[in-house]
Amino acid sequence: MEKNFSLRELNTFGFDVKARYFQELKTMEDIRELIANPEFIECRDAIRVLILSGGSNILFSSEFFDGFVVYPNLKGIETLEENAETVKIRCNCGEVWKNFVDYTVSKGLYGLENLADIPGKVGAAPVQNIGAYGAEVKDTVCQVHTIDLATGKTKVFSNEECHFSYRNSVFKKFGVWSLKCEVFPLIFAVDFILKKHGELKLDYGNIRNYLIANNITNPTIQDVASTVKAIRAEKLPEVGVVGSVGSFFQNAIVSVDKYQEIKALYSDVPSYPVEIPPLPSVGRNDSVSSPAMVKIPTGWLIDRAGWKGHRENHVGVWDKQALVLVHYGGGKPQEILDLMKKIQESVNDKFGIEIKPEVNII
Ligand code: EPU
């Protein structure tokens, strides 16, 4: 166990945050030892515990995390089952997500190619149901293996039990463990089902145009992954070079009335339909349908509010994608929080929409 440990290399914003306690876990034995360790038990019951993965979706709100950071880093990829149609692969939590995607793409397996180059580690992928370019990880996850840091009991979550939705799952609420939590599942491995034959998803954004522009008429999985990588590199800051967490905000989900109000003023507003699960029923004969909602890209709202490329001292709004806040180095988390509030107020003043962070603010 390390004390007063710098997390600068372990958060992609690159803030020099110190953790009171820090423990890397490389094996299941390490995890079990930690759970039984009296020092951990004492800390666990007195201060906060945070499970940190790739640190690519986290913002520490101050420069000292007065708690215990657990850093699961188990490596390993294993093929569990294979038939004529599919392959079931287990990947341990500490594998780097983009390397895992490259591995599956190199094997010619369908399912993860649109999720190429997303920063972070495999263990965190189900937590916020990572998604990009028309794909979400929920469509390939078949089981999530967890161990409870309170009791040491293991539990396997089926896809249904994960309750995946847009950038959300049952695991999201376990961000930081305080005394109120009764269980605290740590994800140590994820099982994926990938297809040997499948259809490529080319309809999102400019994937298809990009392929056509490069004279690729009959694209392979590799072509799609390379295209996604190229599009991402054009729009998003390079991880490790400019501090960021990718999308800082979630896209806005608004009522049809609100959307029409905005559309009347800005005819070019982009939008996507939203799939919302039906509301729980409240009596007999009452299948209550959810109100229709529309997704408006928050990047567009922030852009239209005039923030794209704006810089304040050490932080700013990325000039190629306004959904991304960046840290140019030497700054403090509070600067990002101040910028976040200004942007939220400005978007609310202009459009009457409250935008929410996508990043976990700890
Ligand atoms: N737009 C603007 N100005 C901007 C940014 C976007 O006008 O500054 C417009 C674009 O022109 C486009 C629309 O907004 O019409 C959507 O933009 P984009 O396709 O870049 O996607 P996004 O909705 O802003 C989401 C994800 C990204 C993911 C991309 C591609 C969220 C919160 N973000 O962004 O995910 O890479 O789609 O699929 O859903 C991440 O989560 O860290 C992330 C980068």
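**Two sheets, a pocket and two unusual phi values**

Let me begin with strand β10 (residues 141-148), which pairs with β13 in the antiparallel sense over seven bridges, where strands are DSSP runs of E of at least two residues, helices are runs of H or I of at least four, both numbered from the N terminus, and two strands pair if DSSP finds at least two bridges between them. Before going on, I should say that this is a predicted model, in which local features need pLDDT of at least 70 and side-chain atom pairs count only at pLDDT 80 or more, while totals for chains, interfaces and linings use all residues. Residues are numbered from 1 along each chain as its sequence is written, and side-chain values use heavy atoms, with hydrogens and water left out.

Within the pairing of β10 and β13, aspartate 148 has proline 185, in β13, as its bridge partner. Both strands belong to an open sheet of five, ordered β6-β7-β13-β10-β11, with antiparallel pairing. Because β6 (77-82) and β11 (154-158) stand at the edges with a single partner strand each, one side of each is left without a neighbour in the sheet. From one strand to the next, the twist averages 20°, angles being taken from 0 to 180 degrees between N-to-C directions of axes fitted to C-alpha atoms, for helices over the stretch in contact.

Which strands does helix α1 lie across? Helix α1 (residues 28-36) lies across β10, β11 and β13, and runs at about 40° to β10. Helix α3 (residues 97-106) also packs on the sheet, touching β6, β7 (86-92) and β13, with a direction that makes about 155° with that of β7; contact here means heavy atoms within 4.5 Å.

Strand β13 also leads us to the second largest pocket, since β13 gives the most to the lining, with three residues. The volume of this pocket is about 270 Å³, a pocket being an open set of points on a 1 Å grid over the protein atoms alone, with protein on both sides within 12 Å along at least five of seven lines, where a 1.4 Å probe fits, and lining residues having an atom within 4 Å of a point. Of its 14 lining residues, those closest to the centre are Tyr110, Gly111, Lys195, Glu199 and Lys201, and the lining divides into four nonpolar, four polar and six charged residues.

The second sheet is open as well, with three antiparallel strands in the order β15-β17-β16. Here β15 (252-255) and β16 (272-273) are the edge strands, each with a single partner, so one side of each lacks a neighbour in the sheet. Helix α6 (residues 256-265) packs on this sheet, touching β15 and β17, and its direction makes about 100° with that of β15. Between β15 and strand β17 (residues 293-296) there are four bridges, in the antiparallel sense, and isoleucine 253 stands opposite lysine 295 in β17.

I will finish with some single residues. Most residues other than glycine have a negative phi. Aspartate 117, in the loop between α3 and β8 (131-132), has a positive phi of about 65°, and at 25% relative accessibility it counts as partly exposed, the cut-offs being under 20% for buried, over 50% for exposed and in between for partly exposed (1.4 Å probe, protein chains only). Asparagine 215, in the loop between α4 (207-213) and α5 (221-235), has a positive phi near 60° and counts as exposed, at 69%. Threonine 298, by contrast, lies in helix α7 (residues 298-304) and is buried, at 0% relative accessibility.

How values were computed:
Points joined across faces, edges and corners; volume = space filled by probe spheres on them. Nonpolar A, V, L, I, M, F, W, Y, C, P; charged D, E, K, R; others polar.
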